[in-house]
Amino acid sequence: MSPNPLAESDLTPRVMLRRLRTRCLGRAYEFLPACASTNDVARARAAAGAAEGFVIVADSQSAGRGRLGRSWHSPPGQNLYLSLLLRPALPARQVAPLTLLAGAALARTLTAAGVTPRLHWPNDLLVPAAGEFRKAAGILTEMATSGEEVRHVVVGIGLNVNGQEFPPDLAQRATSLRLALGRACDRAKLLVDFLAAFEPIYGDFLVRGPAAGLQEWRRHADLGRVCRIDRDGARVEGIATDIDDSGALLVRDDAGRMHRIASGEMSEQAGG
Ligand code: BTN
């Protein structure tokens with residue numbers, strides 16, 4: 001297949017700083033052709049004093065990682081791998097909703113790009129492809145604390161933009177925007193649009209709390225389904241009814257008991 005120029009959209013600071021529409025997010029910006037993990041680069045830059053809103057983007061990652069020790073497939077020239085550094089002046093216990101708020105901004109961005117995204121608690125974004133919903137993006141949020149206070153938060157996002165082939169273990173579960181839309185997408189535009197979507201959601205979170213952002217997350221979420229949660233060797237089965245104001249999942253089991261799940265992995269049950 002001939003290379004599509006949009007897949008090569010320019011992610012360098014020279015171009016990106018002109019295209020940005022944000023006041024803070026991405027105003028400090030770095031692009032690397034390759035790195036191990038953008039989350040690791042962001043953490044190192046944070047330790048060296050990088051400011052809130054710093055964004056690092058890599059064209060490829062050799063050790064991109066996801067939640068629960070998984071790796072993130074990160075070939076060059078196709079997708080978006082980015083990490084955003086935040087320094088919210090909040091107690092550490094209040095930052096959990098940030099993953100969901102970033103998901104809401106990503107869903108807003110992809111809706112504008114022409115797909116119908118579905119958010120899957122806590123950090124997955126799925127899009128319709130091959131007659132079902134498949135994962136096109138994941139969010140990995142990592143935090144450094146000092147006592148009760150946050151030193152920094154790194155929100156890492158992997159978005160499969162123009163990739164069309166996946167390793168065998170992902171082939172039945174992963175997809176990309178290109179496969180969903182039937183056309184290549186401009187990675188730089190998606191990045192600029194995501195930062196423009198996230199900035200007001202994050203600003204509102206800092207001033208008023210997470211309610212509005214979580215409401216936007218709910219509008220795109222696959223709640224109301226039968227699910228199974230595995231956490232710390234224990235299993236909860238039931239209906240994923242809602243999230244609470246900290247972003248924890250609320251699951252009602254067959255006996256009508258409610259379970260609050262702050263972290264874990266949600267799988268859909270057959271027939272759910
Ligand atoms: C997941 O689905 O489990 C989260 C995947 C997050 C992947 C992104 S790619 C950019 C950033 N750097 C990483 O090493 N991981 C995140």
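This is a short dialogue on reading the ligand site, the largest pocket and two backbone features of a predicted model.

Q: What should I know before I start?
A: The model is predicted, so local features need pLDDT of at least 70 and side-chain atom pairs count only at pLDDT 80 or more, while totals for chains, interfaces and linings use all residues. Residues are numbered from 1 along each chain as its sequence is written, and side-chain values use heavy atoms, with hydrogens and water left out.

Q: Which residues come nearest to the ligand?
A: A residue is near a molecule if one of its heavy atoms lies within 4 Å of it. Here 21 residues surround the ligand, and Ser37, Gln61, Arg65, Arg67 and Lys135 come nearest. By class, six of the shell residues are nonpolar, 11 polar and four charged (Ala, Val, Leu, Ile, Met, Phe, Trp, Tyr, Cys and Pro count as nonpolar, Asp, Glu, Lys and Arg as charged, the others, Gly among them, as polar).

Q: How far is the ligand's nitrogen atom from the backbone of arginine 65?
A: Look for pairs of N or O atoms within 3.5 Å. A ligand nitrogen is 2.7 Å from a polar backbone atom of arginine 65, and another pair joins a ligand nitrogen to a side-chain N or O atom of threonine 38 at 3.0 Å. For arginine 67, a backbone N or O atom lies 2.7 Å from a ligand oxygen.

Q: Where does the ligand sit?
A: Rolling a probe the size of a water molecule over the atoms shows where empty space is left. A pocket is an open set of points on a 1 Å grid over the protein atoms alone, where a 1.4 Å probe fits, with protein on both sides within 12 Å along at least five of seven lines; lining residues have an atom within 4 Å of a point. The ligand sits in the largest pocket (more than half of its atoms lie within 2 Å of the grid points).

Q: What space and lining does that pocket have?
A: About 980 Å³ of space lies in the largest pocket, a volume filled by probe spheres set on grid points joined across faces, edges and corners. Of its 44 lining residues, Arg70, Trp72, Asp124, Lys135 and Arg173 are closest to the centre. S6 gives the largest share of this lining, seven residues (strands are DSSP runs of E, at least two residues, numbered from the N terminus).

Q: Which peptide bond is cis?
A: The bond from tryptophan 121 to proline 122 is cis, with omega near -5°. Proline 122 is found in the loop between strand S4 (118-120) and S5.

Q: Which residue has a positive phi although it is not a glycine?
A: Leucine 68 does, with phi of about 55°, and leucine 68 is found in the loop between strand S2 (55-58) and S3.

Conventions: Polar contact = N/O pair within 3.5 Å; in protein donor to acceptor, adjacent residues only side chain to side chain. Helix = DSSP H or I, 4+ residues; strand = E, 2+ residues; numbered from the N terminus.
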